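Colleague: I should like to learn how to read a few features of a protein model. May we take them one at a time?

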Amino acid sequence: MDDLEILIIGAGVWGSAAAARLARRGHDVLALDRWAPPHAHGSHSGRTRLARQSMHEGADYVPLSEQTFAMWGELEAEYGVEILRRDGALLIDRADGPLNGASRASLDLGGWDYEIWSPERTMAAYPALHVAEDEVAIWEPGARLLFVEPALAALQEDARRHGARFALGEAALSWSVDGDGVQVKTDKRTIRADRLLITAGVYGPDLIGLDLPLQVERQILVTWDAGPELTGAPLLYWIDPRLGPDSGAYGCPEPGGGFKFALHHEGVVGHPDSLDKEVREADLQAVRDVLARRIPGLTRAPLSATTCMYTNTPDVGWVFDRHPAGDQVVYATGDSGRSFRYAPAIGEGLADLVEGRPRPDLAFLGADRFGA
Ligand SMILES: Cc1cc2nc3c(=O)[nH]c(=O)nc-3n(C[C@H](O)[C@H](O)[C@H](O)COP(=O)(O)OP(=O)(O)OC[C@H]3O[C@@H](n4cnc5c(N)ncnc54)[C@H](O)[C@@H]3O)c2cc1C
């Protein structure tokens with residue numbers, strides 16, 4: 001039986017970030033992954049992510065935003081890669097809409113620059129966009145386009161350089177508490193570790209095994225043939241009253257050309273193994289229907305499309321906690337489709353929880369908010 005200090009199940013963006021922070025602190029870390037990230041079997045598929053500074057989900061996230069941008073910058077400098085590109089973002093919502101008020105509050109709290117643009121001003125700046133009369137845009141100049149592959153590669157390189165090991169293509173099947181530590185059965189061996197961190201993305205709910213209100217939701221990412229009208233366009237995020245209450249649409253330029261435009265939520269929920277991994281014509285049509293209202297000229301054929309999954313909580317907040325089976329087991333789940341940009345700060349927070357350090361600022365993410 002292999003014996004080690006800290007085992008991480010899931011080396012996606014959360015697990016890789018945690019591996020790097022724990023390795024930097026001198027721990028002996030092994031991160032297992034069933035696949036070899038980046039891959040298209042979980043929550044990080046696609047080439048880009050929006051990295052806004054604003055966080056309309058709550059003021060508690062504001063310090064994490066600040067920390068995460070600084071940490072991505074350190075990784076860029078240390079590994080000589082471009083992870084974030086400062087494209088700016090327009091967040092479009094009804095003038096009295098929930099996204100608008102909460103986003104502005106978070107920008108005020110963080111002390112970040114922003115401007116409020118009328119529909120006329122927004123459409124004069126970006127004629128390809130349609131903004132309704134009762135909407136406004138928040139122009140957030142500090143928002144960045146985040147590149148998935150170099151981001152994950154830098155986190156993993158950082159982990160490796162500080163001594164962490166990765167076992168890719170090895171799936172954890174089950175775990176149990178073993179005295180002060182844990183035993184984990186994989187499809188290749190049994191591992192004993194002093195501490196366990198579960199960051200298994202959409203398979204987290206299965207491995208955590210608690211009665212938490214988590215739902216895995218299928219999402220579609222579509223890159224459209226953009227043409228000249230969207231050249232130089234920033235990141236876009238809309239709340240759309242015709243979609244569900246937390247739903248919206250978003251877009252961004254893609255590296256190598258094309259413009260990503262997709263829906264946030266509005267997907268089928270189910271077990272990750274049973275959700276359809278193919279993109280169907282009906283999926284594309286649902287995006288086209290919203291696109292026609294928002295970027296009416298962008299009706300060319302999609303260049304590429306892929307599926308991805310969220311693990312949602314009812315309050316769209318993450319869940320970071322100790323497992324009731326034992327303090328030596330920490331789990332992180334419920335990404336709710338908006339955590340890639342926070343990965344370095346999340347890694348630091350999870351490293352603290354694994355070490356047993358107090359993080360009162362992360363208490364709002366505890367499972368007790370669901371009565372668990
Ligand atoms: C369509 C879409 C758009 C998004 N847009 C944004 C955005 O614009 N901005 C933003 O910040 N966030 C965005 N997100 C969210 C962000 O990508 C996720 O929150 C983030 O990837 C979650 O990381 P994770 O490490 O939890 O999951 P993952 O990156 O999926 O990692 C989990 C890992 O665990 C591994 N694993 C699972 N089970 C096992 C097992 N039994 N044994 C071993 N390994 C296992 C998997 O193989 C996987 O590699 C988006 C997500 C989607 C789906």
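Colleague: How far is the sulfur of Cys252 from the closest cysteine sulfur, and in which residue does that sulfur lie?

Modeller: Please bear in mind that this model is predicted. A disulfide requires two cysteine sulfur atoms within 2.5 Å. Here the closest cysteine sulfur to that of Cys252 belongs to Cys308 and is 13 Å away, which is too far for a bond. The count of disulfides is zero.

Colleague: Is Cys252 buried or exposed?

Modeller: Cys252 is buried, its relative accessible area being 0%. Cys308 is also buried, at 5%.

Colleague: Which residues come nearest to the ligand?

Modeller: Cys308 is one of them; the others are Asp33, His44, Asp335 and Ser339, out of 36 residues around the ligand. By class, this shell comprises 18 nonpolar, 11 polar and seven charged residues. The largest share, three residues, is supplied by β17.

Colleague: Which distances describe the polar contacts of the ligand with His44 and His39?

Modeller: A ligand oxygen atom lies 2.6 Å from a side-chain N or O atom of His44. For His39, the corresponding distance to a side-chain N or O atom is 2.7 Å. The ligand on its own has 1,000 Å² of accessible area, and the protein covers 97% of it.

Colleague: Where is His162 placed?

Modeller: His162 is in the loop between α5 and β9, and is partly exposed, with a relative accessible area of 31%. A polar atom of the His162 side chain lies 2.8 Å from the backbone oxygen of Asp158. Beyond its neighbours within four places in sequence, His162 contacts Ala23, Arg24 and Tyr79.

Key
Residues numbered from 1 in each chain as written. Predicted model: local features only at pLDDT ≥ 70, side-chain atom pairs only at ≥ 80, totals over all residues. Heavy atoms only, no water. Buried < 20%, exposed > 50% of the residue type's maximum accessible area, 1.4 Å probe, protein only. Helix = DSSP H or I, 4+ residues; strand = E, 2+ residues; numbered from the N terminus. Contact = heavy atoms within 4.5 Å. Polar contact = N/O pair within 3.5 Å; in protein donor to acceptor, adjacent residues only side chain to side chain. Near = heavy atom within 4 Å. Areas by Shrake-Rupley, 256 points an atom, 1.4 Å probe, with all protein chains shown as cover. Nonpolar A, V, L, I, M, F, W, Y, C, P; charged D, E, K, R; others polar.
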